[in-house]
Amino acid sequence: MIDWLNQHSGVLQVITSVCTLAIWLFYAQLLYTTYRRDTRPRLLINKGVGKDDLDSPCLICNMSKEPIFIQCLVVELETSEGVFCTTATDPDESLDDDENRKPVRERTRQGPLHNGACIEVKSFRELIERAAVAGGVQVDNGLPRNREVDFLSLRLTIISIYGPEDHPFGAARTFSLDCSDVQCPQIQPMSLDTERLTSRKDKRLVEQWLWEYI
């Protein structure tokens, strides 16, 4: 056995070096994956639990390891007449003086959101009405006055800055609208999770919205 080891010591040394390298590469990949997971921003957009109607609150939760700074909230309402887009970061200009005298953090959604924290934006009915008005469609309680116009879906995009990152990132989720029952229209998410906007096209759109709405 010893003679055999002596005769093949060169080959065994190469095999040992390759195995050692493979182990180091495995742990390096593991450390890199853990690092990327810890430094990657993650936001959740959801509706209030247990309610499917338009009065359900829209919730934003920061599941990142570090705080984020919310810069802009963009609402896109898809209708049979096209897509209407507006921002829901700040309150309506029609608010009275009492509303405008509230602390800044109560009057705008722009600002820091700590890790594990959750904020309520508005009800989905308010978001729909805001986008519809921006598109010139008159609404009553979140539904179009003109019944020939159909509301199909609502998409909310959050544009934020994450501590370790130099550039803004976007997170979005789309909700389907079922307005067949005018007494109780329904809203449901169209995906199981919030989408991270990472493609070049998405990043260009995020930058365009920032220039337009900030």
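This is a short walk through the structure above, from its overall make-up to a few of its residues. Keep in mind along the way that the model is a predicted one.

Let us begin with the whole chain. The protein has 214 residues, and 34% of them are buried. Its secondary structure consists of 6 helices and 12 strands. If you look at contacts between residues at least 6 apart in sequence, 62% of them join residues at least 24 apart. On the outside, the protein exposes about 13400 Å², and carbon and sulfur atoms supply 53% of that area.

A good place to visit on this surface is helix H2, which covers residues 9–39 and includes Tyr27. Tyr27 belongs to a nonpolar surface patch together with Ile23, Phe26 and Leu30. Taken together, the four residues of the patch have about 430 Å² of accessible area. Tyr27 itself has a relative accessible area of 48%, so it counts as partly exposed.

From here we can move on to the strands. Strand E1 takes in residues 43–47, and its two faces differ in cover: Leu43, Ile45 and Lys47 make up the covered face, while Leu44 and Asn46 make up the uncovered one. A general rule helps in reading this pattern: in a regular strand, side chains alternate between the two faces of the sheet. E1 also has a partner, strand E2 (residues 57–62), with which it pairs in the antiparallel sense over 5 bridges. One of the residues to look for in this pairing is Leu44, whose bridge partner in E2 is Cys61.

Next comes strand E3, which runs over residues 68–79 and contains Thr79. Is Thr79 buried or exposed? With a relative accessibility of 6%, Thr79 falls under the 20% cut-off and therefore counts as buried. The side chain of Thr79 has polar company from the backbone of residues that follow in the sequence. One of its polar atoms lies 3.0 Å from the backbone nitrogen of Glu81, and a polar atom of this side chain lies 2.7 Å from the backbone oxygen of Gly82. Setting aside residues up to four places away in sequence, Thr79 also touches Phe84, Val149, Asp150, Phe151 and Leu152.

Now for a look at a loop. Gly163 sits between strand E9 (151–162) and strand E10 (169–178). Its relative accessible area of 54% is over the 50% cut-off, so Gly163 is exposed. Apart from neighbours within four places in sequence, Gly163 is in contact with Glu66 and Pro67. Another residue to compare it with is Pro41: the two are 122 residues apart in sequence, yet their C-alpha atoms are 9.0 Å apart in space.

The last stop is the charged side chains. As a general point, side chains of opposite charge can pair when their charged atoms come close. How many salt bridges does this structure hold? There are 5.

One of them joins Arg42 and Asp193, with 3.1 Å between the closest N and O atoms. This pair links distant parts of the chain, since Arg42 lies in the loop between H2 and E1 and Asp193 in the loop between strand E11 (186–189) and strand E12 (195–197), 151 residues apart. Arg42 is partly exposed, at a relative accessible area of 32%, and Asp193 is partly exposed with a value of 32%.

Another salt bridge brings us back to strand E3. Here the side chains of Glu76 and Arg155 meet, at 3.8 Å from N to O. Again the link is between distant parts of the chain: Glu76 is in strand E3 and Arg155 in strand E9, 79 residues apart. Glu76 has 19% relative accessibility and so counts as buried, whereas Arg155 is partly exposed with a relative accessible area of 22%. The two also belong to a network of salt bridges that links Glu76, Arg155 and Glu195.

A further salt bridge is found between Asp140 and Arg145, whose closest N and O atoms are 3.2 Å apart. Asp140 is partly exposed, with a relative accessible area of 42%, and Arg145 is partly exposed at 48%.

Technical notes:
Residues numbered from 1 in each chain as written. Predicted model: local features only at pLDDT ≥ 70, side-chain atom pairs only at ≥ 80, totals over all residues. Heavy atoms only, no water. Helix = DSSP H or I, 4+ residues; strand = E, 2+ residues; numbered from the N terminus. Buried < 20%, exposed > 50% of the residue type's maximum accessible area, 1.4 Å probe, protein only. Polar contact = N/O pair within 3.5 Å; in protein donor to acceptor, adjacent residues only side chain to side chain. Contact = heavy atoms within 4.5 Å. Pairing = 2+ DSSP bridges. Areas by Shrake-Rupley, 256 points an atom, 1.4 Å probe, with all protein chains shown as cover. Patch = residues over 30% accessible without salt bridge, like charges linked within 9 Å, V, L, I, M, F, W, Y side chains within 5 Å.
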